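Welcome! Here is a short briefing to help you find your way around the metal sites of this structure.

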Amino acid sequence: MKCAAETRLSSREFGEVAAVDGVHQPSRGPWYCEYPAETMHFQHTAVMQELLPDPGADDPAGLWLVWSDDGRRELRWRQPCASRLPSDEDDEGVPCILPAGHGGRCDAQPGNAYEPNPQMQDRINDKIRSMRALETARALNCPAVSIRDGWDADAEADYARWADVDHTTCPPAALCHQAVLLLAAEDQTAFQAFVDRHLPNPTW
Ligand SMILES: [Zn+2]
Ligand SMILES: [Zn+2]
Ligand SMILES: [Zn+2]
């Protein structure tokens, strides 16, 4: 259970948030306080925008709105809490969504919906496309170049080598050979059907 406090950004506040080049689509709200309901707190808080992780910096900073029931409110840059909480889905745990130095217990359950901004959505789509291409290449099981498991730099290096191979010189029975023949014939429908037959279900 989250604290029930909710607020919307004023035009001035929204302007300030929208001017930040962050990962989320700027929104006026409604915004809900991120504190768990049982945590005693005098100021409600919710993160309005976050910066892209910068490997050279400490944790990415977030622009938080801090507001209290008496009407005082302020936008403030703060670091996120560094704690991670155990998770069934992720071995590394999930991050606490409260700001650094928060009172009470840590909490990983977001109380607010965040949408990626359009540039971020493009990057996500590009990533999905390149993962799809890599997965397709892997499923085509080329006898000349195999693609290592995962989506890391090793797999990408394998994929780059795979893309350089002339698969018409691979054995005629190989899937890669058959696929490039379909591609060369510019039969996109047949190629897609062929790939779908051999592709495992997406793993992301
Ligand atoms: Zn609150
Ligand atoms: Zn925490
Ligand atoms: Zn091949």
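In this predicted model, the zinc ion (ligand 1) is held by Cys3 (SG), Cys33 (SG), His41 (NE2) and His44 (ND1), at 2.1 to 2.3 Å. Two further zinc ions follow below, along with a look at a histidine beside one of the sites: the zinc ion (ligand 2) has Cys81 among its donors, the zinc ion (ligand 3) has Cys142 among its donors, and histidine 177 touches His167.

**Zinc ion (ligand 1)**
- The four donor atoms subtend angles of 103 to 117 degrees around the zinc ion (ligand 1), so the arrangement is tetrahedral.
- Along the chain, the donors of this zinc ion (ligand 1) are spaced C-x29-C-x7-H-x2-H.
- Cysteine 3 sits in the segment before strand 1 (6-7) and histidine 44 in strand 3 (residues 44-50); the pair links distant parts of the chain, 41 residues apart.
- Both cysteine 3 and histidine 44 are buried.

**Zinc ion (ligand 2)**
- Here the coordinating atoms come from Cys81 (SG), Cys96 (SG), His102 (NE2) and Cys106 (SG), at 2.0 to 2.3 Å from the zinc ion (ligand 2).
- This site is tetrahedral too, because its four donor atoms subtend angles of 107 to 112 degrees.
- The donor residues of the zinc ion (ligand 2) follow the spacing C-x14-C-x5-H-x3-C in sequence.
- Cysteine 81 belongs to the loop between strand 5 (73-78) and strand 6 (84-85), and histidine 102 to the loop between strand 7 (94-95) and helix 2 (118-139), so the pair ties together parts that are 21 residues apart in sequence.
- Cysteine 81 has a relative accessible area of 11% and is therefore buried, and histidine 102 is buried at 13%.

**Zinc ion (ligand 3)**
- Cys142 (SG), His167 (ND1), Cys170 (SG) and Cys176 (SG) coordinate the zinc ion (ligand 3), at 2.1 to 2.3 Å.
- Angles of 105 to 113 degrees between the four donor atoms make the arrangement around the zinc ion (ligand 3) tetrahedral.
- In sequence, the donors of the zinc ion (ligand 3) read C-x24-H-x2-C-x5-C.
- Two of these donors, histidine 167 and cysteine 176, are buried.

**Histidine 177**
- Histidine 177 is part of helix 4 (residues 175-184).
- With a relative accessibility of 11%, histidine 177 counts as buried.
- A polar atom of the histidine 177 side chain lies 3.2 Å from the backbone oxygen of threonine 168.
- Leaving aside residues up to four places away in sequence, histidine 177 touches His167, Thr168, Cys170, Pro171 and Pro172.

Methods: Residues are numbered from 1 along each chain as its sequence is written. Chains are lettered from A and ligands numbered from 1 in the order in which they are written. This is a predicted model: local features need pLDDT of at least 70, side-chain atom pairs count only at pLDDT 80 or more; totals for chains, interfaces and linings use all residues. Side-chain values use heavy atoms; hydrogens and water are left out. Donors are N, O and S atoms within 2.8 Å of the metal (3.2 Å for Na, K and Ca); water is not among the atoms, so sites may look incomplete. Four donors count as tetrahedral if all angles lie between 85 and 135 degrees; four count as square planar and six as octahedral if opposite donors are over 155 degrees apart and all others between 65 and 115; anything else is irregular. Buried means under 20% relative accessible area, exposed over 50%, partly exposed in between (1.4 Å probe, protein chains only). Helices (H or I, at least four residues) and strands (E, at least two) are DSSP runs, numbered from the N terminus. A polar contact is a pair of N or O atoms within 3.5 Å; within protein, one must be able to donate a hydrogen and the other to accept it, and residues adjacent in sequence count only if both atoms are side-chain atoms. Contact means heavy atoms within 4.5 Å.
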